[in-house]
Amino acid sequence: MTIFGAAGDLTKRKLIPALYNLKHSKLLSDQFAVLGIARAQMSDEEFRSRMRDDMKEFATDEVDAQEWKWLEDRLFYLSGDFNDNAMYARLKSRIETLDKDHQAQGNYSFYLAAAPQFFAPIVEQLGRVGLTNEADGHWRRVVIEKPFGRDLESARKLNQEIGSILDEHQIYRIDHYLGKETVQNILVFRFGNGIFEPIWNRRYIDSVQITAAEKVGVEQRGAYYESAGALRDMVPNHLLQLVTLTAMEPPISFAPDAVRDEQAKILHAIQCPSPDEAAQRIVRGQYGPGEIDGKKVPAYREEPNVAPNSTVETFVALKLLIDNWRWADVPFYLRTGKHLAARDTEIAIEFKRPPFVLFRKTEVEELTRNRLVLHIQPDEGISVRFGAKVPGSIMNIGAVDMDFDYGDYFGDTPSTGYERLLHDCMVGDATLFQRADQVEAGWAVVDPIQKAWKEGAPPDFPNYASGSWGPQEADDLLERDGREWERTSDISTERRLHRG
Ligand code: BG6
């Protein structure tokens, strides 16, 4: 496994700890070695000692000295510039030596944990020196991090560029959301149980809300975020993954293309808003100063590497409609933002209310909507809300929750979220990776929004306080439809308190 960008954050925070966890779970072959590449000058020994130190901070569990030693002995390093032709000749010969020493049998993966402008040039160079050629039964795979393009046009161009060197089956476009157990469980929950699928449609479901709320701000990533914004950063990838898994038809098997075909159909069925609709259905926000966890925090415009008059959004809420038989007229409300009141990612399915007729002559004013919530993180679980009679001689209904918590049932499995994805790449299972058409379909949803925003005047930013739930307009968006956002933080706190 060759990692481009071995001196970067992803390598130390996720990739090396994930490889260690895979070793711990006995899922790494003995015929395995890692070659890190970055500009920094380092010897193998220096790279190993750096990773050893970083593990003290980023390992997800206690590190077993013997298992770490096993991995450390397989870490190697090459310093070089990704644009330098000569570097790729050195890379090739280094890989061939490592291959011989570790009997890797010509099976190579290349992980591009590099800045996006290097994706196409690296692939081209790998092709030029023959490292992408699959022959004699060995495989060559390239893992590409996000962001994959910044709009439909650039994503198409990138697909064409890498597609001229690699076959689609060699390309693993990663979306780390799909490494989350709770995200993978959506398919099992929907299709591994008999009771949910019959009611999983427009006849019974009123609306779907997907929230990915973060407490953190842009931290040290101001420069990247200024060119991305919340919409590009979170929607075409992570949030649309959650939409497709929630909305897709049952695939005919778990074969990669069977699953991805169904996901792609949903992306194609999402109605792209016209500029007028975009103005009504999409809300953007930018955080001002405020308080989070009792601490004063700055406005986005005061963050490092952010322009003092930046019009980049740090929050977006939108209403999507999926134009197919299962979902016609069922709104999917999505929201995501930074410096919000809580860290919470969840999918809430709101069911239609039953007829009120029986309760007309009682004290009951309104029936609760049944609600099923898939808690993705940091709480991991599923809860169902239903109405129950409040004990007493007067008819009254209280809303109660039935809760399933992963930790309670299965214990905690320390993970970085990259283990499954790295392992799938090694065994050649691309189900949890994005195909070219999926990535493009995701951008096709987002492009008209970008366009409408560019044409309209920017809102008066900042328009929400750090530590709040985003701009008022996001609440108005649902209120106009007679609905309101799930109060995620309260519910999560209740769950935590309940679990003690
Ligand atoms: C990344 C985004 O892809 O996902 C970040 O670039 C965001 O801005 C992160 O914070 C969220 O992922 P997670 O797994 O921490 O919820």
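**The ligand shell, the nonpolar core and helix H3**

The shell around the ligand is made up of six charged residues, three polar ones and one nonpolar one (Asp, Glu, Lys and Arg count as charged; Ala, Val, Leu, Ile, Met, Phe, Trp, Tyr, Cys and Pro as nonpolar; the others, Gly among them, as polar). The model described here is predicted, with local features needing pLDDT of at least 70 and side-chain atom pairs pLDDT 80 or more, while totals for chains, interfaces and linings use all residues. Numbering runs from 1 along each chain as its sequence is written, and side-chain values use heavy atoms, leaving out hydrogens and water.

Among the residues around the ligand are Tyr177, Arg221 and Gln377, where being around means having a heavy atom within 4 Å. Polar contacts (N or O atoms within 3.5 Å) link ligand oxygen atoms to side chains: the distance is 2.5 Å for Asp233, 2.8 Å for Lys146 and 2.7 Å for His238. Of the 390 Å² that the ligand exposes when taken alone, the protein buries 81% (Shrake-Rupley method, 1.4 Å probe).

Turning to the interior, the largest nonpolar core holds 138 residues; such a core joins buried Ala, Val, Leu, Ile, Met, Phe, Trp, Tyr and Cys residues through side-chain atoms within 4.5 Å, buried meaning under 20% relative accessible area with a 1.4 Å probe and protein chains only. Phe4, Leu19, Leu91, Tyr111 and Phe332 touch the most other members. Helix H8 (residues 222–247) gives the most to this core, namely 11 residues; helices are DSSP runs (H or I) of at least four residues, and strands (E) of at least two, numbered from the N terminus.

In helix H3 (residues 65–72), the buried residues include Trp68, Trp70 and Leu71.

Notes: Polar contact = N/O pair within 3.5 Å; in protein donor to acceptor, adjacent residues only side chain to side chain. Buried < 20%, exposed > 50% of the residue type's maximum accessible area, 1.4 Å probe, protein only.
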